[in-house]
Amino acid sequence: MTVGTRTPAALVLEDGRVFRGSAYGAQGRTLGEAVFCTGMTGYQETLTDPSYHRQIVVQTAPQIGNTGWNDEDDESARIWVSGYVVRDPARTPSNWRSRRTLDEELARQGVVGISGVDTRTLTRHLRERGAMRAGVFSGDALDTEEAMTAQVLASPPMKGADLAGEVTTKQPYVVAPEGERRFRVAALDLGIKSNTPRQMSRRGIELHVLPSTSSLDELLAVEPDGVFLSNGPGDPATQDHAVALTEEVLRREIPLFGICFGNQILGRALGLGTYKMRYGHRGINIPVIDVETGRVAITAQNHGFALEGEPGQRFESPFGAAQVSHYCPNDDTVEGVRCADVPAFSVQYHPEAAAGPHDAAPLFDEFVTLMEKKSR
């Protein structure tokens, strides 16, 4: 975006609400689900998080782009958001690692965005009406409000969307441990973030990252000491293969740890249902309470679906007793499950937290402890 030559743009919601602004990044048309993220930093990690695939992200922080774009903080090999909405883009980035502006990177990767939007009003609208389908239009794609709304209404909803297969690795790969190898873990890549393998590696884990379509035989061929279920996009109700694979892991009592989408996969394998939230949890400032200790952790989250259940609820699963182990005090959303009779647990939030708080980082150590106990 060059000051003085701003190109008109419009954000159009499926309920007919239109927000006008200026083109930011690439020009054209993009469609997706409009969601808001409350993080005040970490926009590069947000944009490259595969869990945001097919979503138009609204940044609630008023100024975005202050630190530009670097070549170190990506959470994957590309930007995954379908569109980007900001209020006040920084004119000049200032950071010693910055290589280019955010605007330039969005344009380079073909991400259609809009700036100059009253994101506070937009966020309040999404909180009241719920996350919804939307489109960003600029340049030659701008049309009448009726025509643009019709395009939005013709786009697919997030409920029922099977997206993990679109973001998973095409081929297995291995992330070596730092120092001596202590454990070997098979990670089912449903949209894994780069900082997760780094966290594993620091703990002496050799991580074998597998495509989401991997069979049980392919997973067992790794001879894993543990199995990891990653974060990812879309509706967990579509993940029959991942759920079935998780069930087989539980039957074999291989230590299992899941985060975010992985929490929902484990929950479904244990017999819990999932549902689409009104507007989800997206940000780096969301509280979670551990039922066992009462301890509160401030967490990074990105999810629009959640497990059914009540805080502290104990239930019988096909694999023995289990419990809703964590919850969000803001709305009592299930934030974790733990099995009593098999070595498995998961959380809805992100212990790798890039960017974000580090309150939950010890969960990786808990996974290590689980594998240690199993190996004795």
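**H350**

I began with H350 in this predicted model, asking whether the residue is buried or exposed. Its relative accessibility comes to 3%, and because buried means under 20% relative accessible area, I entered H350 as buried. I placed H350 in the loop that runs between β20 (344-347) and α10 (362-375). Leaving aside neighbours within four places in sequence, I listed K193, N231, I259, C260, A300, Q301 and N302 as the residues in contact with H350. I then looked for polar partners, and noted that the side chain of H350 makes a polar contact with the side chain of E352, at 2.7 Å.

**The annotated site**

Which residues does the UniProt annotation "active site" cover? According to the record, which is an unreviewed entry, they are C260, H350 and E352. I checked how these lie in space, and found that they cluster, with a largest C-alpha distance of 11.2 Å, although they are spread over 93 residues of sequence.

I turned next to C260, which is found in the loop between β14 (256-259) and α9 (261-269). Its relative accessible area is 2%, so I entered C260 as buried. Not counting residues up to four places away in sequence, C260 touches N231, N302, H303, V347, Q348, Y349 and H350. I noted that N231 and N302 are on this list for C260, and that N231 and N302 are also among the contacts of H350.

**The barrel**

I followed the strands in the N-terminal part and asked in what order they close into a barrel. Seven strands do so, in the order β1-β2-β8-β6-β4-β3-β9, and the pairing is mixed. Neighbouring strands of this sheet are turned by 35° against each other on average, with direction ignored.

I looked at one of these pairings in detail, that of strand β3 (residues 29-37) with strand β9 (residues 132-138), which is antiparallel and runs over six bridges. Within this pairing, R29 stands opposite F137 in β9. I also noted helix α4 (residues 145-153), which lies across β1 (8-13), β2 (18-25), β3 and β9, and runs at about 135° to β9.

**R133**

I stayed with β9 to look up R133, which is found in that strand. What does the side chain of R133 meet? A polar atom of this side chain lies 2.9 Å from the backbone oxygen of L153, and the backbone oxygen of S155 lies 2.8 Å from a polar atom of the same side chain. With the cut-off for buried at under 20%, R133 counts as buried because its relative accessibility is 18%. The residues that R133 touches, not counting those up to four places away in sequence, are V12, L13, E14, G32, E33, V152, L153, S155, P156 and P157.

**The whole chain**

I closed with the overall values, starting from a secondary structure of ten helices and 20 strands. The radius of gyration is 21 Å, close to the 21 Å that the globule rule gives for 376 residues, so I recorded the protein as being as compact as a globular protein of that length. Along its principal axes, the C-alpha trace spans about 70 × 40 × 40 Å. Of the 376 residues, 59% count as buried. Among contacts with a separation of 6 or more, 75% are between residues 24 or more positions apart.

How values were computed: Residues numbered from 1 in each chain as written. Predicted model: local features only at pLDDT ≥ 70, side-chain atom pairs only at ≥ 80, totals over all residues. Heavy atoms only, no water. Pairing = 2+ DSSP bridges. Helix = DSSP H or I, 4+ residues; strand = E, 2+ residues; numbered from the N terminus. Axes fitted to C-alpha atoms, helices over the stretch in contact; angles between N-to-C directions. Contact = heavy atoms within 4.5 Å. UniProt positions renumbered as here; feature names shortened; annotations may be inferred. Buried < 20%, exposed > 50% of the residue type's maximum accessible area, 1.4 Å probe, protein only. Polar contact = N/O pair within 3.5 Å; in protein donor to acceptor, adjacent residues only side chain to side chain. Rg over C-alpha atoms; globule rule 2.2 N^0.38 Å.
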